[in-house]
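Thanks for making time this morning. I would like to walk you through one structure, going first through its strands and then on to its ligand, so please keep the view open while I talk.

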Amino acid sequence: MLTMKDIIREGHPTLRAVAEEVVFPLSDDMIKLGQDMHDFLKNSQDPVLAKKYELRGGVGLAAPQLNFSKRIIAVEIPNMEEENGKPLLSAVMYNPKLVSHSVQQACLEEGEGCLSVDRPVPGYVVRQARITLTYQDAQGTQHKIRLKNYAAIVVQHELDHLNGIMFYDHINDKEPFFAPDDVLLIN
Ligand code: 4LI
Ligand code: NI
């Protein structure tokens, strides 16, 4: 089981590297890594397990954060609307690719956090409001999905990790909460 000690922190060079594509069929290690990343997120959202293992809550995780420079991300995004327990998005994505995006931009009103960053970095991280993404699952099956708002933001944050980009790279130092008035603020 992965815990916070498996997650590397800002300053580690792997977080600034461009990760490599994974080749199919996947090795057992790459399948296990994806599953472990996904389980970490689910555990981190379970109040009992999060407390027991001192996990910080997360909805997205990228393989470079575990010091594996591979193009793998996991997402577990709870559905804030309606208490049906069904997640808004739950997946492990191998070789995810952004194929198109909206002109409309969006950002989280409360800013972003990252499991590899142990300090608050206030400010708007302006991203695309809607994206179309392709990826392969663990079996190698290709998927093409459209995401918007919160899910689109989370996936773009994780895709950035595969390219050595940290969320605060996007924050305007002079005016961290500046955003043009056509940027959608997500709360
Ligand atoms: C515990 C159990 C307020 C502050 C609101 C926590 C279950 C911030 C938001 C969670 C903020 C869950 C989150 C991200 C923000 C803030 C990520 C809590 C986990 C809210 C996810 C990747 C940015 C994603 C919305 C500095 C670790 N996650 N909040 N940003 N949640 N979570 N990001 N922003 N301000 N980061 O952090 O997983 S994209 Cl679900
Ligand atoms: Ni992150």
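Let me begin with strand E3, residues 89-101, which runs antiparallel to E6 and is joined to that strand by 5 bridges; please keep in mind throughout that what we are looking at is a predicted model. To place one of these pairings in the sequence, you can look at Ser100, whose bridge partner in E6 is Thr132.

Strand E6 itself covers residues 130-136, and 6 of its 7 residues are buried, so that we can call the strand mostly covered, with buried taken as under 20% relative accessible area. E6 is also joined to strand E7, residues 142-148, by 7 bridges, and these two strands again run antiparallel. Thr132, which we have just met as the partner of Ser100, has Arg146 as its bridge partner in E7. Between E6 and E7 there are 5 residues, the two strands forming a hairpin, and in the turn you will find Gly140 with a positive phi of about 95 degrees.

Now to another sheet. Here 3 strands form an open sheet with mixed pairing, in the order E5-E4-E8. Which strands stand at the edges? They are E5, at 127-128, and E8, at 184-186, and because each has a single partner strand, one side of each is left without a neighbour in the sheet. As for the pairing of E4, residues 105-108, with E5, it is antiparallel and extends over 2 bridges, and one residue to look at there is Ala106, whose bridge partner in E5 is Arg127.

That brings me to the ligand. Ligand 1 sits in the largest pocket, and 17 residues surround it, the closest being Val59, Gly60, Glu110, Gly111 and Gly113. Which element gives the largest share of the shell around ligand 1? That is helix H3, residues 149-162, which contributes 4 residues.

If we turn to the individual atoms, three of the glycines deserve a mention. A nitrogen atom of ligand 1 lies 2.8 Å from a backbone N or O atom of Gly111, and a nitrogen atom of the ligand is 3.0 Å from a polar backbone atom of Gly113. At Gly60, a polar backbone atom is 3.4 Å from an oxygen atom of ligand 1. As for overall cover, ligand 1 has 800 Å² of accessible area on its own, and the protein covers 67% of that.

I will stop there and take your comments.

Notes: Residues numbered from 1 in each chain as written. Chains lettered and ligands numbered in written order. Predicted model: local features only at pLDDT ≥ 70, side-chain atom pairs only at ≥ 80, totals over all residues. Heavy atoms only, no water. Pairing = 2+ DSSP bridges. Buried < 20%, exposed > 50% of the residue type's maximum accessible area, 1.4 Å probe, protein only. Near = heavy atom within 4 Å. Polar contact = N/O pair within 3.5 Å; in protein donor to acceptor, adjacent residues only side chain to side chain. Areas by Shrake-Rupley, 256 points an atom, 1.4 Å probe, with all protein chains shown as cover. 1 Å grid on protein atoms, 1.4 Å probe; cavity = no way out; pocket = protein on both sides within 12 Å on 5 of 7 lines; lining within 4 Å. Sits in = over half its atoms within 2 Å of the grid points.
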